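This report is meant for a reader who is meeting the structure for the first time. It moves from the whole chain to its interior, and then to a few single residues.

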Amino acid sequence: MNESGLPRGFVVFCAQFAARFPRVEPRRRMPAYVYGLLGGAGRKNGWTQAEAAGEAGPEGMQRLLNAASWDEDGVRDDTREVVVQAVGDVWQGRLIVGDLWFRKRGSRSAGAAPRVSEESGRTENAQAGIFLAYASEAGVGLIDRELYLPWEWTDDRNRCRTAGIDDSVTYESPADLARAMIDRALDAGVPFVWVTAGATYGRSEPLRRWLEERGVPHILEVPGDCRVTTANLQVRNVDAVIGELSETVWHRLSHGGGATGHRVRDWAAVDLHRSGQRHGSWLLAGRSITDPSDVTYHLCFGPVGSILSELARIADGHRAVEGCLRAARERSGLADYQVRGYRAWYRHVTLSMVAAAYLSILEAKTTDRDSGDVSHVRTVRSRPNAVAPWW
């Protein structure tokens with residue numbers, strides 16, 4: 001411990017972000033806020049955060065999120081670097097897009113809109129966060145985030161201004177936000193082999209086309225009525241193409257383990273039109289062994305010669321983002337906030353990602369668990385003169 005009452009290794013870890021806080025007060029309060037997110041309090045808010053930090057009231061913590069001068073996007077970029085240094089792998093790394101709904105009372109929180117809850121079946125107000133995770137065999141961590149603003153928000157500029165949303169912020173679909181985050185990872189030179197995402201993003205033809213134009217291998221889940229061009233240049237629904245396959249082309253494969261759990265499914269792939277000499281396209285399907293009507297469809301774009309077991313492993317690995325978001329919600333306070341403003345949402349979520357990264361590093365095999373010192377992390381796994389396979 002030091003004079004702040006925080007573990008030395010944690011303080012050293014937070015010092016990596018100090019340059020993003022030009023003023024002393026928020027620079028000192030940031031570690032206390034992040035450490036509070038890791039605390040055992042059942043519900044974290046400004047009061048509990050202040051109490052954990054030994055402060056008399058929540059004003060300082062609220063100011064950190066709302067009015068203090070610091071660069072939340074810079075902290076996001078630093079968090080991405082920390083995660084990649086901890087679990088990066090030039091041959092196995094994956095970018096995974098996922099989303100999480102944050103239930104909110106009332107309708108004044110930025111982006112909050114009615115939705116039907118999968119848990120209760122009732123219509124509730126909620127915000128939708130779109131996230132980008134980085135995963136490898138060494139672990140998984142959140143590296144980017146965006147808040148989705150529905151049309152009813154972006155078409156009402158007065159409502160946006162009340163929530164601190166600048167007039168320059170226009171409507172972007174979840175797929176548009178995913179593209180922006182992937183683009184930032186590309187610009188930052190994040191080492192990865194595949195991009196994966198669920199059907200919300202896979203149904204977006206502009207996103208799929210952009211990834212192909214950038215030469216980025218990807219496996220995106222799509223709905224059954226998604227249209228594809230087959231090898232003989234017919235345009236058909238993916239469920240119709242898969243429905244005609246012989247049972248002999250299905251192969252039983254097992255994947256998973258760890259946080260995502262072990263899962264056995266039947267898999268089959270169909271060659272689609274060739275996208276070039278180096279890349280091919282496939283329609284991949286995964287089917288439940290107990291319920292043949294439970295089928296997932298995936299459009300794949302990747303190196304020629306990719307094998308079924310590898311495509312299936314990457315497609316099934318998309319579930320890692322769900323576990324990552326669940327862990328961040330349960331262990332680093334991702335959903336524990338009471339702010340309404342647009343920028344404040346980004347600030348809280350970014351600091352929660354910092355907390356989650358700290359936990360990931362502590363749990364990495366290369367961390368010195370006895371000392372808890374995470375000031376140094378391992379170098380990204382690579383080979384001599386290696387270049388990421390997709391570029």
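The model shown here is a predicted one, and its protein chain has 14 helices and 12 strands. Of the 391 residues of that chain, 52% count as buried, while the accessible surface comes to about 18,600 Å², with 46% of this area belonging to carbon and sulfur atoms. Among the contacts between residues at least 6 apart in sequence, 65% join residues that are at least 24 apart.

The interior can be described through its nonpolar cores. The largest nonpolar core holds 85 residues, and those that touch the most other members are Phe13, Leu95, Tyr134, Ile165, Ile182 and Leu351. Helix H14 gives the most to this core, with 14 residues. Apart from this core lies another one, of 14 residues, which includes Val222, Val228, Val238 and Leu299. Leu351, when residues up to four places away in sequence are not counted, touches Met30, Tyr33, Val34, Leu37, Leu64, Leu65 and Trp70.

Helix H1, which spans residues 8–15, has Gly9, Phe10, Phe13 and Cys14 as buried residues. Seen down the axis of H1, these buried residues fall within an arc of 135°, so they line one face of the helix. An α-helix has 3.6 residues a turn, so residues three or four places apart point the same way. The buried residues of H1 pack against helix H2 (24–37), helix H5 (72–87) and helix H14 (342–363).

Which part of the chain holds leucine 334? Leucine 334 is found in the loop between helix H13 (320–331) and H14, and leucine 334 is nevertheless buried, because its relative accessible area is 0%, under the 20% cut-off for burial. Leaving aside its neighbours within four places in sequence, leucine 334 is in contact with Leu100, Phe102, Phe131, Leu325, Ala328, Arg329, His348, Val349 and Ser352. Of the residues just named, leucine 100 is 234 residues from leucine 334 in sequence, yet the two are 9.9 Å apart in space, C-alpha to C-alpha.

The table sets leucine 334 beside two cysteines for which relative accessible areas are also available.

| Residue | Relative accessible area | State |
|---|---|---|
| Leucine 334 | 0% | buried |
| Cysteine 160 | 0% | buried |
| Cysteine 300 | 4% | buried |

How many disulfides does the structure hold? The number of disulfides is 0.

Terms used
Residues numbered from 1 in each chain as written. Predicted model: local features only at pLDDT ≥ 70, side-chain atom pairs only at ≥ 80, totals over all residues. Heavy atoms only, no water. Buried < 20%, exposed > 50% of the residue type's maximum accessible area, 1.4 Å probe, protein only. Helix = DSSP H or I, 4+ residues; strand = E, 2+ residues; numbered from the N terminus. Arc of directions from axis to C-beta. Contact = heavy atoms within 4.5 Å. Areas by Shrake-Rupley, 256 points an atom, 1.4 Å probe, with all protein chains shown as cover. Core = buried A, V, L, I, M, F, W, Y, C linked by side-chain atoms within 4.5 Å. Disulfide = S-S within 2.5 Å.
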